[in-house]
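Trainee: Please take me slowly through a single part of this structure, and then show me what surrounds that part.

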Amino acid sequence: MSPGVEALLEQARAGMTRLTPQETVQAATRGALVIDTRTEAQRREQGDLPGVIVIDRTVLEWRLDPASDWRIPEATGYDIEVVVVCRQGYSSSLAAASLRALGLHRATDMIGGVDAWRSAGLPFSDQPADVRH
């Protein structure tokens, strides 16, 4: 019998230090890759975050694995800091756990997602998103 999605989330978040929106801004300032996995429709509805890289969830591991032929140029090693962002902070936890299982031991996610970003009064971008395919 399945333990359910709540148990899966608890397992995914175990040992991971999740970041607040303000801590995510600080992480980006020190060079962390902030990865937005929201769909295009969600980004259109909520807005784009400044300085993030948009990567579809379906190819996330291939784009961030430094050993992958399909990695993005910023995926330079397994020690890079990665902060995954989604709409509300649920699917980003699962994505960060997957990246950690891949060897990106500093991967984490942002608590509350873009909803929390908005509630914190942080800025949205007026520039086109940096979408990587």
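**A close look**

Mentor: Happily! Let's begin at serine 93, which counts as buried because its relative accessibility is 0%. Buried means under 20% relative accessible area, exposed means over 50%, and partly exposed lies in between (1.4 Å probe, protein chains only). Keep in mind that this is a predicted model: local features need pLDDT of at least 70, side-chain atom pairs count only at pLDDT 80 or more, and totals for chains, interfaces and linings use all residues. Residues are numbered from 1 along each chain as its sequence is written, and side-chain values use heavy atoms, leaving out hydrogens and water.

Serine 93 sits in helix α5, residues 91-102. Helices (H or I, at least four residues) and strands (E, at least two) are DSSP runs numbered from the N terminus. Leaving out residues up to four places away in sequence, serine 93 touches Leu9, Ala12, Arg13, Met16, Arg18 and Asp109. A contact here means heavy atoms within 4.5 Å.

Now step back to the whole helix. With 12 residues, α5 reaches 17 Å from its first C-alpha to its last, close to the 16 Å expected at 1.5 Å a residue. That expected span is 1.5 Å times one less than the number of residues. Serine 93 has company, as the buried residues of α5 are Ser92, Ser93, Ala95, Ala96 and Leu99. Looking down the axis of α5, these buried residues fall within an arc of 165 degrees, so they line one face of the helix. The arc is taken from the directions from the helix axis to the C-beta atoms. It helps to know that an α-helix has 3.6 residues a turn, so residues three or four places apart point the same way. Where the helix has ended, just after α5, glycine 103 takes a positive phi of about 120 degrees.

What lies over that buried face? The cover includes α1 (5-13), α4 (60-64), β3 (82-85) and β4 (107-109). The strands among these belong to an open sheet of 5 strands, in the order β4-β3-β1-β2-β5 and with parallel pairing. Two strands pair if DSSP finds at least two bridges between them. At the edges are β4 and β5 (130-132), each pairing on one side only. From one strand to the next, the twist averages 30 degrees. α5 packs on this sheet, touching β3 and β4, and its direction makes about 175 degrees with that of β4. Such angles run from 0 to 180 degrees between N-to-C directions, using axes that are lines fitted to C-alpha atoms, for helices over the stretch in contact.

Let's follow β3 within the sheet. It pairs in the parallel sense with β4 over 3 bridges, and valine 82 has alanine 107 as its bridge partner in β4. Strand β1 (residues 33-36) also runs parallel to β3, joined to it by 4 bridges. There, valine 34 has valine 83 as its bridge partner in β3. Val82 and Val84 point one way from β3, Val83 and Val85 point the other way, and all are buried.

These pieces also meet in a nonpolar core, meaning a set of buried Ala, Val, Leu, Ile, Met, Phe, Trp, Tyr and Cys residues joined through side-chain atoms within 4.5 Å. The largest core has 17 residues, of which Ile35, Ile55, Leu60, Leu64, Val82 and Leu99 touch the most other members. At least two residues each come from β1, β2 (53-55), α4, β3 and α5. The largest share, 3 residues, is supplied by α5, our starting helix. A second, separate core of 12 residues includes Val34, Leu49, Val83 and Val114. In soluble globular proteins, nonpolar side chains tend to be buried together.

For a contrast, try glycine 112, in the loop between β4 and α6. Its relative accessibility is 21%, so glycine 112 counts as partly exposed.
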